[in-house]
Amino acid sequence: MATKGRKPIIVGNWKMHKLTAPAAELATAVKNVLGGLPELEVGVAPPFTALAAVAKRLEGSKLLLCAQNCHFEEQGAQTGEVSVPMLRDLGVSHVIVGHSERRQYFGEDDALVGKKVKAVLKGGLTPILCLGELLSERESGRTNEVVNRQLRGALAGVAVEQARTVVIAYEPVWAIGTGKVATTVQAQEVHAFLRAQLRELYGGVAEEIRIQYGGSVKPDNASGLMAQPDIDGALVGGASLDAESFIGILKASR
Ligand code: PEP
């Protein structure tokens, strides 16, 4: 919100959904409402296979084209992988890194996520660094310890000038795709903790770094979350797959 001095950034993560035609259609619907939402930065992260089709629809638009993952090398013998220069070539500006599904199902650890963050920055794009605790970690009182380890692991070696461009997405794993949204108090507590860690790492620049919340964000819970002093936007999964619900979230987030 304007009073925080940080422009909220809301990104739809489409995960492994949508063929090229429906992807282009959804991106067009979102693009068409952006004129009325100048106070927000908005992006969509289609699957790799739909990036080119969506990019074509977005020509001349402010809607950000985001990718869901990348490899840390620029090129090489990495069958099935996609590099940052390849994404930039398609018009991608932001790359989601370290999503909990990558950590859980593809074994990504903090060191690998850190390499990807640095590769994205080196390529001149913006990383959206995801972190968040499992339910068992929250229940055993380890939330802060876990997110701090993930934050510091991923940002090790990232200089202050680059850090100011990074977007952090706090996504409690137990709230992703489950319909269980963190309460505004739970979310704000972790966001404030993360900002305090960023202050230790980067001083006053921490006030510029956007921290999104992610985990079952919907049109009816978005405004309460966005009103929190350290919540600067949202990373939206399920509710971003439908134009009406994603646009509902955007409108509720103004
Ligand atoms: C996500 O996967 O980043 C996410 C937040 O998903 P959902 O909104 O469906 O919980």
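**View A. Backbone contact of Ser216 with the ligand.** In this predicted model, an oxygen atom of the ligand lies 2.8 Å from a backbone N or O atom of Ser216. On its own the ligand exposes 290 Å², and 97% of that area is buried by the protein. Ser216 is listed among the closest of the 14 residues that surround the ligand.

**View B. Contacts of Lys15 and Gly177 with the ligand.** The side chain of Lys15 places an N or O atom 2.5 Å from an oxygen atom of the ligand. At Gly177 the contact comes from the backbone, where an N or O atom is 2.6 Å from a ligand oxygen atom.

**View C. The shell of residues around the ligand.** The ligand is surrounded by 14 residues, the closest being Lys15, Glu171, Gly177, Ser216 and Gly238. Sorted by class, this shell comprises 8 polar, 4 nonpolar and 2 charged residues.

**View D. Packing of helices H5 and H7.** Helix H5 spans residues 110–122, and its axis lies 7 Å from that of H7, at a packing angle of about 45°. This angle makes H5 oblique to H7. H5 and H7 form a right-handed crossing.

**View E. Packing of helices H7 and H9.** Helix H7 covers residues 143–155 and helix H9 covers residues 184–202. Their axes come within 10 Å and cross at roughly 40°. Angles under 35 degrees would count as roughly parallel, and H7 and H9 are therefore classed as oblique to each other. The crossing in which H7 passes H9 is right-handed.

**View F. Packing of helices H10 and H11.** Helix H10 is formed by residues 219–226, and helix H11 by residues 243–252. The two axes come within 8 Å, with a crossing angle of roughly 25°. H10 is therefore roughly parallel to H11, because angles under 35 degrees fall in that category. H10 passes H11 in a crossing that is right-handed.

Terms used
Residues are numbered from 1 along each chain as its sequence is written. This is a predicted model: local features need pLDDT of at least 70, side-chain atom pairs count only at pLDDT 80 or more; totals for chains, interfaces and linings use all residues. Side-chain values use heavy atoms; hydrogens and water are left out. A residue is near a molecule or strand if one of its heavy atoms lies within 4 Å of it. A polar contact is a pair of N or O atoms within 3.5 Å; within protein, one must be able to donate a hydrogen and the other to accept it, and residues adjacent in sequence count only if both atoms are side-chain atoms. Accessible areas come from the Shrake-Rupley method with a 1.4 Å probe; for residues, only the protein chains shown count as cover. Ala, Val, Leu, Ile, Met, Phe, Trp, Tyr, Cys and Pro count as nonpolar, Asp, Glu, Lys and Arg as charged, and the others, Gly among them, as polar. Axes are lines fitted to C-alpha atoms, for helices over the stretch in contact, and angles run from 0 to 180 degrees between N-to-C directions. Helices (H or I, at least four residues) and strands (E, at least two) are DSSP runs, numbered from the N terminus. Angles under 35 degrees count as roughly parallel, over 145 as roughly antiparallel, 65 to 115 as roughly perpendicular and the rest as oblique. A crossing is left-handed if the near helix is turned anticlockwise from the far one by less than a right angle, and right-handed if clockwise.
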